[in-house]
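Reader: I am new to reading protein models. Please pick one part and take me through it closely.

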Amino acid sequence: MKRIISLTTVAILACGGDGDRAQRALIQNKGSDTLLNVAQAWAETYGAVNPNVAVAVTGGGSGTGISAMINGTVDIANSSRAMRDSEIEAARANGIEPIEFVVGHDALAIFMHEDNPMSGITMDQLRGIFGEGGGLERWSDLGASVPGCPSDEIIRVSRQNNSGTYIYFREAVLGAGNDFKLGSYDMHGSKDVVDLVENTPCAIGYSGLAYATEHIHMPCVAADDVSACVGPAVQTAIEGSYPISRPLLMYTAGQPIGAIRDYMDWILSDAGQCVIQQRGYAPVREVTCT
Amino acid sequence: MSHPRDRTGVMDRRDLAWYADRCAQVLIFAGGISAIVFIIGIFVFVTREGLGFVFGPLDLGQFFSSIEWRPTSDNPGYGALALMVGTLSVTGLAMLFSVPLSLGAALYIGEFAKGKTREALKILVEMLAAIPSVVWGFVGMSIMNPLIIQVFDVPVGLSALNAGIILGLMAAPIMTTIAEDALKAVPDSYREAAEALGATRWEVILKVVIPASKNGLVAAVLLGVGRGFGETMAVLMATGHSINIPTSPFDGVRALTATIASELGDTATGSPHYGSLFTLGIFLFVVTFLINLTADLVVKGIRKK
């Protein structure tokens with residue numbers, strides 16, 4: 001029995017040595033839940049482009065992907081936030097030099113109940129609602145009267161404190177060093193945010209634009225009192241006019257080579273960028289897709 | 001553990017039966033102590049991961065007195081007071097709802113129901129325990145949430161009340177079963193003696209059966225409390241996961257267990273945040289251990305009588 005096994009092993013090794021073309025390369029891809037849909041679509045579409053490469057995609061959040069990159073268990077880490085200096089140092093300590101690629105942009109939409117009459121909101125108002133020390137607690141403080149919300153209370157819907165979306169909102173809207181007001185409803189996933197806001201007239205929440213549904217109201221956002229109010233859309237995210245738009249990132253362990261380099265090149269090509277646009281995110285540049 | 005053959009003087013008869021016997025002994029012994037091994041293993045693991053943080057960056061005063069749970073902030077805060085109050089309020093509401101329900105059910109099943117009704121009820125109550133907790137959470141989120149909004153006219157239905165009701169229903173089967181066992185342990189001679197003295201059925205239950213099974217009933221409630229403390233998924237979904245010292249049952253709260261469940265997956269191993277979550281784990285472990293130990297001692301109390 002042992003002899004048969006060892007013979008088979010030798011045979012497999014010999015076949016593998018015959019030529020790289022015969023071997024299917026497997027790329028491990030892990031991280032951000034925001035990027036999960038797109039990453040899966042990329043992996044599937046790429047399977048048709050290059051059948052010799054299989055991409056295994058898993059989610060778990062930006063932090064999970066970055067931890068895996070630090071521990072060297074993943075080829076490409078997806079993240080909706082940049083790696084912190086401490087994380088880059090930790091990776092270097094393990095002999096891994098993370099290389100960052102911007103693969104798209106995500107507009108963070110502000111979600112309100114569809115009956116909410118507010119057509120626009122300013123960054124200052126968002127800080128007042130979500131930020132520690134911000135004084136906006138009632139819809140009437142914003143000059144709005146929301147049907148179906150007799151208590152007038154603003155119900156803040158947020159994310160759990162280590163999601164990439166939460167951390168990006170804190171940096172981009174509340175400002176570096178500032179914190180969220182405690183007492184928000186912290187949902188475990190962007191879809192839950194949309195679900196709760198859809199069913200709650202008093203609520204305001206935030207999440208990636210791609211999670212929007214027909215039954216949710218997304219006000220335009222103005223950077224300050226004098227700036228124009230810009231609606232969340234793929235176009236405004238590409239232009240950079242929408243104030244809360246973030247880069248979506250992929251990290252490779254060192255400069256990519258071989259199958260990983262080909263895959264990254266394809267993601268940044270027009271074909272790859274059309275996939276991300278179809279999923280409701282903004283590509284890195286304007287592309288024309290069929 | 002001495003072997004019967006030892007006494008016959010035939011010491012070297014190590015045949016198949018002897019080995020089978022030894023094997024069975026070892027297997028049963030391993031099964032018997034496995035629970036202890038696991039519990040010690042888990043305790044050592046949780047403590048090892050958490051202690052470095054407890055004796056390092058953690059300010060114990062802040063941990064027990066502040067509500068500022070901001071582990072990912074630039075100025076991190078590890079105040080777990082709101083989480084403890086959240087867990088307590090949800091468990092408290094659950095017990096308020098569940099204790100009368102389960103003790104009532106146990107009294108009915110144990111003292112009043114007869115024959116098929118009794119058997120059917122027992123099976124149904126135990127089936128309630130088979131519903132997975134994520135399904136309960138789903139019920140909390142998509143059925144109870146709109147219902148509470150409508151009935152009580154509040155802005156959000158995800159609250160301590162919602163989770164309390166869900167948790168009450170989840171803890172009810174275990175409490176009913178144990179309470180019913182306690183009632184059954186009261187000898188019939190007690191009931192017969194009371195009835196012979198002219199007591200009504202109500203008097204028999206209230207003045208004889210319940211006092212006699214008091215310890216078992218207390219143990220049933222304590223095990224229900226333990227269940228409530230440890231429940232995670234349903235609580236995560238139904239409370240709204242909101243850091244808050246509740247002033248009414250309609251306020252959103254956040255439980256210790258739910259905090260660990262929602263944050264641990266995305267946290268770098270060995271970071272202060274990771275350590276803080278394990279500290280919550282140690283706290284939970286100690287509290288549930290004490291509750292279960294008390295329940296156990298109380299049950300032992302009845303056996304001694």
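Author: Here is a walk around one helix of chain A, followed by its wider setting. Bear in mind that the model is predicted.

Start with helix 3 of chain A, residues 62-71. What does helix 3 of chain A pack with? Helix 4 of chain A, residues 85-93, is its partner. Two numbers describe any such pair: the angle between the axes and the distance between the axes. Here the angle is about 30°. The axes of the two helices lie 8 Å apart. Angles under 35 degrees count as roughly parallel. That is why helix 3 of chain A is called roughly parallel to helix 4 of chain A.

Now look at the residues that meet. Helix 3 of chain A brings A:Ile66, A:Met69 and A:Ile70. Helix 4 of chain A answers with A:Glu87, A:Ala90 and A:Ala91. Sort this contact by class. Five residues are nonpolar, none is polar and one is charged.

Helix 3 of chain A also has a role at the border with chain B. There, 25 residues of chain A are in contact with 25 residues of chain B. Helix 3 and strand 7 (185-187) of chain A each supply at least two residues of that side. The largest share, three residues, comes from helix 3 of chain A. What classes of residue make up the side of chain A that touches chain B? It divides into six nonpolar, 16 polar and three charged residues.

Step back to the whole chain. Chain A has two parts: domain 1 (8-104 + 248-278) and domain 2 (106-245). Their C-alpha centres lie 32 Å apart. Where they touch, 13 residues of domain 1 of chain A are in contact with twelve residues of domain 2 of chain A. On the domain 1 side, one residue is nonpolar, ten are polar and two are charged.

Finish with an open sheet in chain A. Its three strands run in the order 5-10-11, with mixed pairing. Strand 5 (120-122) and strand 11 (229-230) of chain A stand at the edges. Each has a single partner strand, so one side of each is left without a neighbour in the sheet. Strand 10 of chain A, residues 220-222, pairs with strand 11 of chain A in the antiparallel sense over two bridges. A:Val221 stands opposite A:Val230 in strand 11 of chain A. Helix 5 of chain A, residues 123-130, packs on this sheet and touches strand 5 and strand 10 of chain A. The direction of helix 5 of chain A makes about 75° with that of strand 5 of chain A.

Note on methods:
Residues are numbered from 1 along each chain as its sequence is written. Chains are lettered from A and ligands numbered from 1 in the order in which they are written. This is a predicted model: local features need pLDDT of at least 70, side-chain atom pairs count only at pLDDT 80 or more; totals for chains, interfaces and linings use all residues. Domain bounds come from an automatic or database domain assignment. Two residues are in contact if their C-beta atoms, placed from the backbone, lie within 7 Å. Ala, Val, Leu, Ile, Met, Phe, Trp, Tyr, Cys and Pro count as nonpolar, Asp, Glu, Lys and Arg as charged, and the others, Gly among them, as polar. Helices (H or I, at least four residues) and strands (E, at least two) are DSSP runs, numbered from the N terminus. Axes are lines fitted to C-alpha atoms, for helices over the stretch in contact, and angles run from 0 to 180 degrees between N-to-C directions. Angles under 35 degrees count as roughly parallel, over 145 as roughly antiparallel, 65 to 115 as roughly perpendicular and the rest as oblique. Two strands pair if DSSP finds at least two bridges between them.
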